[in-house]
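Me: I have a structure open and would like to learn how to read it. Could you walk me through some features?

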Amino acid sequence: MASVTSLSDSVHQRLAAALSAALPQAGSAEPLLRRSDRADFQANGILALAKKEKANPRELATQVVSRVESGEVIKDIEVSGPGFLNITITDRAIVETLAARYADDTGRLGVPQAQQPGTTVIDYAQPNVAKEMHVGHLRSAVIGDSVMRLLEFTGEHVVRRHHIGDWGTQFGMLIQYLEEHPHELDHKADEISGEEAMSNLDRLYKAARKLFDADEEFKTRARRRVVDLQAGDPQTLAMWQKFVDESKIYFFSVFEKLDMEIRDEDIVGESGYNDMLAETCRLLEESGVAVRSEGALCVFFDDIKGPDGNPVPLIVQKSDGGYGYAATDLSAIRDRVFNLKANNIIYVVDARQSLHFKMVFETARKAGWLGDDVKAYQLAFGTVLGKDGKPFKTREGETVRLVDLLDEAIDRASAVVREKAQDLSEEEIAERGTQVGVGAVKYADLSTSANRDYKFDLDQMVSLNGDTSVYLQYAYARIQSILRKAGASRPVAHPELELHEAERALGLHADAFAATVAEAATEYAPHKLAAYLYQLASLYTTFYDKCPVLKAETPEQIENRLFLCDVTARTLHQGMALLGIRTPERL
Ligand code: ARG
């Protein structure tokens, strides 16, 4: 609705028009505009175009310059080097464009929404029932949450799916044990905490495992339970449901700690596709996509071979008739494409599952379920490493529990907040400590590109200097404090004023928010937004050092600077929200 054309877009439009006028035979011409240190923008597209059309690049550039109207938006345009264009924007255009963003009362800062949105299904935050959540689950949840928010912000229709691991042979053992020790999970569901729920499950799992390993007869009974479970025996299913419910209490408590909204109706685990598995196999077998091999139903691929040179198949159904992870994922694709009407399916899953997804997607393409109109993509993430550069483990060599890690981050962050706190109560310190600590963990995860491994280093994460969420949160809180001091609720812009270099740099960057969000959303790349926000905060720091705000020369200048402060704050706030991170008003 209140979408604002960015300065970069209006310069782009003017240049593209001048270029096609100067070179009509070239059709539509791309000026290749980017931000530059020498002027505000530089256009580099003329060289390639001149080469293609066998024209002299400097001459073409000069012609373009003569056709571009300078005035309201463009202050200055000149040819440089072999045929680049340097473009300077008027101070007035910078302030007026930001004022238009500021006036957008939806809080979207003039960022446009898609005219014809598609439907994206995003599969993320998928822990496993009866198991502890670890750092890998953190990445899927944090990255998925941000990509989901980015897509929704651009207007896409997003369906969330939490493909939890809630099915498999291990449940035979657990259910059998529970039946023989019936009171182990007894409690009134709404009275227990997530931590208690997990310790109940953990205790039960260990006890069941011990008995399973020691007692042959129990083992036999447990195996029989698996068959009952798969056959849908009501009593067995009811017990299985107890495990799922107990686990969900725990999951929800961890997601709440992560300050993340996970809705029950979006949790469709592996078991949710049980009714489709036989049909999925039948369709694959009838179409010849899958073939029987030593009793198992397999899909073979020309380009996927093991170290011995033999093809590695995707096993859709085992020779004993059992279905595994692949059958479930293939059925989930059918559901997402044909029932949910997805145009796009994103899987936020560990890079170590890449071969699985490659085979699953290829199979679905061969079956005609995926194609040009429906795409599937694994947003693969790397491993979380310890300070030593090896996969993150406790000192005892065990995987790190997600809750412990969050608690430690919150402790550290609370210490930082306490040290800097001036007028905060104990209660406020605890609340801010949580927001800063959880933000630090999320930001560290989101600020490197997802496919890379990253080091989990709490010292670095809660540092006030450098590329951290704490730095961004403090920048935001400092602005709020200035606005409070000025008593300015909605400062008015003054486009007639001349701007300081630092004001221009800040203003031009703030205007690029829309383009950054669009890029981060289409590329599923929250780290691009994180880098943008960090730069925004850095430019704000320079501005604040160079340009007195409350002590500026005239009342108009004070107000205009307060306006720049507020635009920056709102951009930081919105940007951080898209990363799933809070920006407290006071720190
Ligand atoms: N539960 C799995 C794990 O913990 C992740 C599930 C990913 N999603 C999927 N559709 N396979 O590794």
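Reply: Happy to; we will take a helix, some backbone angles, a ligand shell and a pair of domains in turn. Keep in mind that this is a predicted model.

Me: Let's start with helix 12. Which of its residues are buried?

Reply: The general idea first: an α-helix has 3.6 residues a turn, so residues three or four places apart point the same way. In this structure, helix 12 runs over residues 354–366, and its buried residues are M359, V360, F361, T363 and A364. From first C-alpha to last, the helix reaches 18 Å, close to the 18 Å expected for its 13 residues.

Me: What covers the buried residues of helix 12?

Reply: The cover includes three strands and a helix: strand 8 (296–299), strand 9 (314–317), strand 11 (375–381) and helix 11 (325–339). Follow the chain just past helix 12 and you meet G368, with a positive phi of about 85 degrees.

Me: How should I read a positive phi in other residues?

Reply: Most residues other than glycine have a negative phi. Two cases here go the other way: K54, with phi near 55 degrees, and A130, with phi of about 65 degrees.

Me: Where does K54 lie, and where is A130 found?

Reply: K54 lies in the loop between helix 2 (45–52) and helix 3 (57–67), while A130 is in the loop that links strand 5 (119–123) to helix 5 (135–153).

Me: Are K54 and A130 buried or exposed?

Reply: Count the neighbours. K54 is exposed because 6 other C-beta atoms lie within 10 Å, and 12 or fewer counts as exposed. A130 is buried because it has 22 such atoms within 10 Å, and the cut-off for buried is 20 or more.

Me: Which annotation covers residues 127–137?

Reply: An unreviewed UniProt entry annotates that span as the short sequence motif "'HIGH' region". Its end C-alpha atoms lie 6 Å apart, and the span is 27% helix and 0% strand.

Me: Which residues surround the ligand?

Reply: They are D123, Q126, N128, H163, G165, D329, A332, Y347 and V349. Helix 11 and strand 10 (344–350) are the elements that give two or more residues to this shell. Sorted by class, the shell has three nonpolar, four polar and two charged residues.

Me: Last one: how many residues of domain 1 and domain 2 are in contact?

Reply: Four residues of domain 1 are in contact with four of domain 2. On the domain 1 side, the touching residues are one nonpolar, one polar and two charged. The assignment gives domain 1 as 7–89 and domain 2 as 402–578, and their centres are 34 Å apart, taken over C-alpha atoms.

How values were computed
Residues are numbered from 1 along each chain as its sequence is written. This is a predicted model: local features need pLDDT of at least 70, side-chain atom pairs count only at pLDDT 80 or more; totals for chains, interfaces and linings use all residues. UniProt positions are given in the numbering used here, feature names are shortened, and annotations may be inferred rather than shown by experiment. Helices (H or I, at least four residues) and strands (E, at least two) are DSSP runs, numbered from the N terminus. The expected span of a helix is 1.5 Å times one less than its number of residues. Two residues are in contact if their C-beta atoms, placed from the backbone, lie within 7 Å. A residue is near a molecule or strand if its C-beta atom, placed from the backbone, lies within 6 Å of it. Ala, Val, Leu, Ile, Met, Phe, Trp, Tyr, Cys and Pro count as nonpolar, Asp, Glu, Lys and Arg as charged, and the others, Gly among them, as polar. Domain bounds come from an automatic or database domain assignment.
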